[in-house]
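The following exercises concern helix geometry, helix packing and the burial of single residues. Please work through each task with the structure in view before reading its solution.

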Amino acid sequence: MNKLSVIIPAYNEEAYIEDAIKSVREAYEIIVIDSYSTDSTKEKALALGCKVIERKFDNFSAQKNFALPYATGDWILFMDADERATQKLWFEIQDTIANPKNEGYKIKFLHFYMNRFLYHKVDRVTRLVKNKDIKFTGDVHEKLHINGSIGELKNFMVHYTYKGFFNWLQKKDSYAWFQAGMGFKKGKKVTYFHLIFKPMYRFFHTYIIKRGFLDGIPGLALASINAYGVLSRYAKLLLLQRGLK
């Protein structure tokens, strides 16, 4: 039977890490790649039988690529500390790797935001892959590259996205710096189009096209924060271009 390794990047996730680990506790091995947490994240992971490796964080791809050689399973599931595999998803993963038809699988993510599930904010990300010739690229919103076909699982991973308003703003700003840095390396130039139209369109796309308005106040908040994230990215790229960072 194929064995499953789970890789979980973490930094100061003591409030979340235990539930994440317990949701996949039947895996062959669970590897936590910790960025030298200053809370009890490491201790909690070790207490639950995880293999903990440590590395100073520089970007998301490098962190996950560093953990790859430690995975000894035939398949790897990547998840974050604020994500939970539902029981239905876990059973589906087991059935899938027992009789795989693809080399990788996308998983649908149901977001829990401001005390409710956002049923009109569903992402599909490749997270379950055969442990062979894989790597990540990109400093943030990293892309997983595999050799072979990619399918999609039916059941959801739950993502506890929201940890407070200011935490969410801080996260968006942090991601924006990574994205601005990537754009700067590629020589991308910022125009008024990027600073005005792009944020407006992101709000329109999230709130109207994706029907975020049906998710009430949380849907409105998410659309607004997403628009802010786009504005922040291009504003930071402009600072880099002008040598003000």
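The expected span of a helix is 1.5 Å times one less than its number of residues. The model to which this is applied is a predicted one.

**Exercise 1. Helix H4**

Compare the reach of helix H4 (residues 87–98) with the expected span, then state which of its residues are buried and what covers them.

Solution.
- Step 1: H4 has 12 residues, and at 1.5 Å a residue the expected span is 16 Å.
- Step 2: From first C-alpha to last, H4 reaches 17 Å, which is close to that expectation.
- Step 3: The buried residues in H4 are Leu89, Trp90, Glu92, Ile93, Gln94, Thr96 and Ile97.
- Step 4: The cover over these buried residues includes strands E1 (4–10), E4 (75–78), E5 (83–85), E6 (104–113), E7 (116–130) and E10 (150–159).

**Exercise 2. The pair H6 and H7**

Determine how helix H6 (residues 192–209) is oriented against helix H7 (residues 216–241), and describe their contact.

Solution.
- Step 1: The two helices pack at an angle of about 155 degrees, and their axes lie 8 Å apart.
- Step 2: Angles over 145 degrees count as roughly antiparallel, so H6 is roughly antiparallel to H7.
- Step 3: The crossing of H6 and H7 is right-handed.
- Step 4: On the H6 side, the contact is made by His194, Leu195, Lys198, Pro199, Arg202, Phe203, Thr206 and Tyr207. The residues they meet in H7 include Gly219, Leu220, Ala223, Val230, Tyr234 and Leu238.
- Step 5: By class, the contact of H6 with H7 comprises 12 nonpolar, 5 polar and 3 charged residues.

**Exercise 3. Three single residues**

Classify Glu13, Leu144 and Gly164 as buried, partly exposed or exposed, and place each in the chain.

Solution.
- Step 1: Glu13 lies in the loop between E1 and helix H1 (17–22). Its relative accessible area is 15%, and because buried means under 20%, Glu13 is buried.
- Step 2: Leaving aside residues up to four places away in sequence, Glu13 touches Asp39, Thr41, Ala81 and Lys163.
- Step 3: Leu144 belongs to strand E9 (residues 143–145). With 11% relative accessibility, Leu144 is therefore buried.
- Step 4: Beyond residues up to four places away in sequence, Leu144 touches Phe78, Thr126, Val129, Ile134, Lys135 and Phe136.
- Step 5: Gly164 sits in the loop between E10 and helix H5 (165–185). Its relative accessibility is 22%, so Gly164 counts as partly exposed.
- Step 6: Gly164 and Met114 are 50 residues apart along the chain, and their C-alpha atoms are separated by 8.1 Å.

Methods: Residues are numbered from 1 along each chain as its sequence is written. This is a predicted model: local features need pLDDT of at least 70, side-chain atom pairs count only at pLDDT 80 or more; totals for chains, interfaces and linings use all residues. Side-chain values use heavy atoms; hydrogens and water are left out. Helices (H or I, at least four residues) and strands (E, at least two) are DSSP runs, numbered from the N terminus. Buried means under 20% relative accessible area, exposed over 50%, partly exposed in between (1.4 Å probe, protein chains only). Contact means heavy atoms within 4.5 Å. Axes are lines fitted to C-alpha atoms, for helices over the stretch in contact, and angles run from 0 to 180 degrees between N-to-C directions. Angles under 35 degrees count as roughly parallel, over 145 as roughly antiparallel, 65 to 115 as roughly perpendicular and the rest as oblique. A crossing is left-handed if the near helix is turned anticlockwise from the far one by less than a right angle, and right-handed if clockwise. Ala, Val, Leu, Ile, Met, Phe, Trp, Tyr, Cys and Pro count as nonpolar, Asp, Glu, Lys and Arg as charged, and the others, Gly among them, as polar.
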